[in-house]
Amino acid sequence: MDGCSRHPINPFELWLRLNYNHGVSEEFASPIDASTRICAVYGFPIRHSASPAMQNAGIAALGLNWRYIACEVAPETLRAAIEGAKTMRLVGLNLTVPHKLLAVDFVDAFDESVKNWGAVNTVRIEGRDKSGTWLPIYEFTDTQPDKIRAQGFNTDADAITRSLHEDLGIQLAGARVLLLGAGGAGRVAALKLAAENVAELFLVNRTHSKASAVAAEIRRRHMNVKIQVGYPRGEVDLCINATSVGLAAGDPLPFDNRQFSLRQALTVYDMIYRPAETPFLATAKAGGSRIANGLGMLLYQGAKALEIWSGKTAPIAIMRAALVKNVYGADDSK
Ligand code: ATR
């Protein structure tokens, strides 16, 4: 099939190379030719992104003649950039800060996951065939689609809870949680935590009205969850940073330390994975909390996105190895 590799590769060898620091050399990827298809992540900023390393390793392991690139897209040009992806028939997109909420207005169709979580982090470009069926756009090789659309998905929600379970060993049902941030990622996290039956959820956001809107939605949908806008008194089982504060060197802590101390949190999770230890996580670690960064969340949302685009099972171990190598470097791949 056009768009797929003609060079079968050995996934085990690829995994070995990634784990033993040789990296993914070009010999594992299909050569770029006229059939090569592109996936991209749009963000602003985007240079911190480890998604290209992770996705290109996954793409190579699946034997696809695709490449995954990162594009710096300013929020005011997001609509045009999504239209451009349709025009140029990209396979699909990932969306990161600050596009996940904005994109809801710019895609043409929603998967159930977007209806559930209200934000888009994955887009599949699709074409409509003569029978009216929507198919991934790369399947149109000898025929032309009569229409092209961008379908939005959300793969963050499941990735958040999977990573919290695996990386912090936390039991969410019945937990008290402080969530910092009510943008695209924060909103999805809040709704997913409520769906997991946390007992109490405290929401804090720079723009108070956004936290209030998320709280109102949770009160409507999850009456069993006690939700409050503001900082908790006493201990919480988990504190999550879902803001973008910490991405840039010199960023302050993402909360008001006159109103809350990380010593109140048994476990602390930062959705940011680069730097691998933000001041937020370093402070939490120094105070004795168990910590994890957003690497696991990035892995699982990305693996699911690759499955949505390709229809194949994502090679998780290979994608994880690529990610760890990219974020921690060759000498500290734990
Ligand atoms: P994403 O889609 O990745 O969640 P986003 O929707 O732009 O990106 O959300 C970014 C989050 O970081 C928001 O909670 C934002 O707060 P506002 O809703 O008030 O914009 C938060 N954030 C960004 N910069 C911040 C800053 N300097 N101080 C505090 N919070 C900040």
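In this predicted model, the shell around the ligand comprises five nonpolar, seven polar and three charged residues. The shell numbers 15 residues, and those that come nearest to the ligand are A185, N205, R206, T207 and K210. Both parts of the protein contribute to the shell: domain 1 (3-154 + 297-328) and domain 2 (158-293) each supply at least three residues.

Polar contacts of the ligand

Oxygen atoms of the ligand take part in polar contacts with the protein, among them those tabulated here. A182 and A185 are each approached at a polar backbone atom, whereas R206 is approached at an N or O atom of its side chain.

| Residue | Protein atom | Ligand atom | Distance |
|---|---|---|---|
| A182 | polar backbone atom | oxygen | 3.2 Å |
| A185 | polar backbone atom | oxygen | 2.8 Å |
| R206 | side-chain N or O atom | oxygen | 2.8 Å |

A185 and R206 thus appear in this table, with a distance of 2.8 Å given for A185 and 2.8 Å for R206, and both are also listed among the residues that come nearest to the ligand.

Taken on its own, the ligand has 640 Å² of accessible area, of which the protein covers 78%. The space that the ligand takes is the largest pocket.

Domain arrangement

The protein is divided into two domains, one of which, domain 1, is made of the segments 3-154 and 297-328, while domain 2 spans 158-293. Their centres, taken over C-alpha atoms, are separated by 28 Å. Across the boundary, 20 residues of domain 1 are in contact with 22 residues of domain 2. The ligand shell likewise draws on both domains, with at least three residues from each.

Notes: Residues numbered from 1 in each chain as written. Predicted model: local features only at pLDDT ≥ 70, side-chain atom pairs only at ≥ 80, totals over all residues. Heavy atoms only, no water. Near = heavy atom within 4 Å. Polar contact = N/O pair within 3.5 Å; in protein donor to acceptor, adjacent residues only side chain to side chain. Areas by Shrake-Rupley, 256 points an atom, 1.4 Å probe, with all protein chains shown as cover. 1 Å grid on protein atoms, 1.4 Å probe; cavity = no way out; pocket = protein on both sides within 12 Å on 5 of 7 lines; lining within 4 Å. Sits in = over half its atoms within 2 Å of the grid points. Nonpolar A, V, L, I, M, F, W, Y, C, P; charged D, E, K, R; others polar. Domains from an automatic or database assignment. Contact = heavy atoms within 4.5 Å.
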